[in-house]
Amino acid sequence: MSEAAQTLEGWYALHDFRAIDWQAWREADDDVRAHALDELSGFLREWAQTEENKQGSTAVYSIVGQKADFVFMHLRETLEELNDMETAFNKTLFAGFTKPAYSYVSVVELSNYMGGSGDPMENPEVVARLKPILPKASHICFYPMNKRREGSDNWYMLGMEERRAMMRSHGMIGRKYAGKVKQIITGSVGFDNWEWGVTLFADDPLQFKKLVYEMRFDEVSARYGDFGDFYVGNLLDESKFAAMLKL
Ligand code: 76R
């Protein structure tokens, strides 16, 4: 049996993708819409406060294309908190004007392929990466992925050293995008249908394309990467959200 990579876990993640029921929104009375918007603003402020208190983080983006209209990406200490938030939001008037589009449950993960020495949890940089405050970059890109297990291309049958060498090459490509793309890898083995969620943030969306394309030629992605649907979108704040919903 090959040696499993050791992983460190941080905050739990819920990517909650929703579509807006435009017909119901259009047909609603003005006061109902106003109340729904108030409630939405209230939640956005509450989530910002949680972030301020360093008890979690939330990113809110519109989604371009037909897969969804917007996404809430929530990070929280426990699965219970994520679930409570999801339920509380679902009880709002505004949620009644949305339809589920996709969701993804995972946990922020760091693996030891590139690990240094000593107890990583004593390293404040590591702790900050496990409990990250999500950047307010102009754009988000999310997709789930697996490492392939097919015939002779089986990641999980490779030895630790071989995997480490490939992950080093992967990391070196990633580092070229430092300052342009921020990546958050969340592990979802046992939680959701894919093995990882990849969430990228950038001010220039072309950097997503360039990074993902460059990685496709790197062995770990070229040979062992299987990918799900891609979601890409634009930063929303309270006023942009209200503008998007204005009829
Ligand atoms: O955490 C680190 O910075 C150390 C190096 C590193 C690891 C261990 C790293 C760096 N990644 C790691 C793990 Mn990554 N990453 C992806 C994708 O589209 C594709 O082809 C793949 C999707 C991108 C775009 C990306 C970006 N990475 C992982 C893992 C877990 C693998 C496992 O455990 O088997 C996955 C699934 C994954 C996928 N990676 C980086 C980046 C970037 C930009 C970096 C550089 C980060 C930095 O130096 O700040």
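Here are some questions and answers about the ligand site and strand β5 in this predicted model.

Local features here need pLDDT of at least 70, side-chain atom pairs count only at pLDDT 80 or more, and totals for chains, interfaces and linings use all residues. Residues are numbered from 1 along each chain as its sequence is written, and side-chain values use heavy atoms, with hydrogens and water left out.

Q: What makes a residue part of the group that surrounds the ligand?
A: One of its heavy atoms must lie within 4 Å of the ligand. Here 22 residues surround the ligand, and Arg-129, Tyr-143, Lys-147, His-170 and Ser-221 are the closest.

Q: Why does the pair between Lys-147 and the ligand count as a polar contact?
A: A polar contact with the ligand is a pair of N or O atoms within 3.5 Å. A polar side-chain atom of Lys-147 lies 2.9 Å from a ligand oxygen atom, so the pair qualifies.

Q: How do you know that Gln-183 makes a polar contact too?
A: An N or O atom in the Gln-183 side chain is 3.3 Å from a nitrogen atom of the ligand, which is within the 3.5 Å limit, so this pair also counts.

Q: Why is β5 called mostly covered?
A: Buried means under 20% relative accessible area, exposed over 50%, and partly exposed in between (1.4 Å probe, protein chains only). Eight of the nine residues of β5 are buried.

Q: What makes β5 and β10 a pair?
A: Two strands pair if DSSP finds at least two bridges between them. β5 and β10 (residues 225-227) have three bridges in the antiparallel sense, so they pair. Met-145 stands opposite Phe-227 in β10.

Notes
A polar contact is a pair of N or O atoms within 3.5 Å; within protein, one must be able to donate a hydrogen and the other to accept it, and residues adjacent in sequence count only if both atoms are side-chain atoms. Helices (H or I, at least four residues) and strands (E, at least two) are DSSP runs, numbered from the N terminus.
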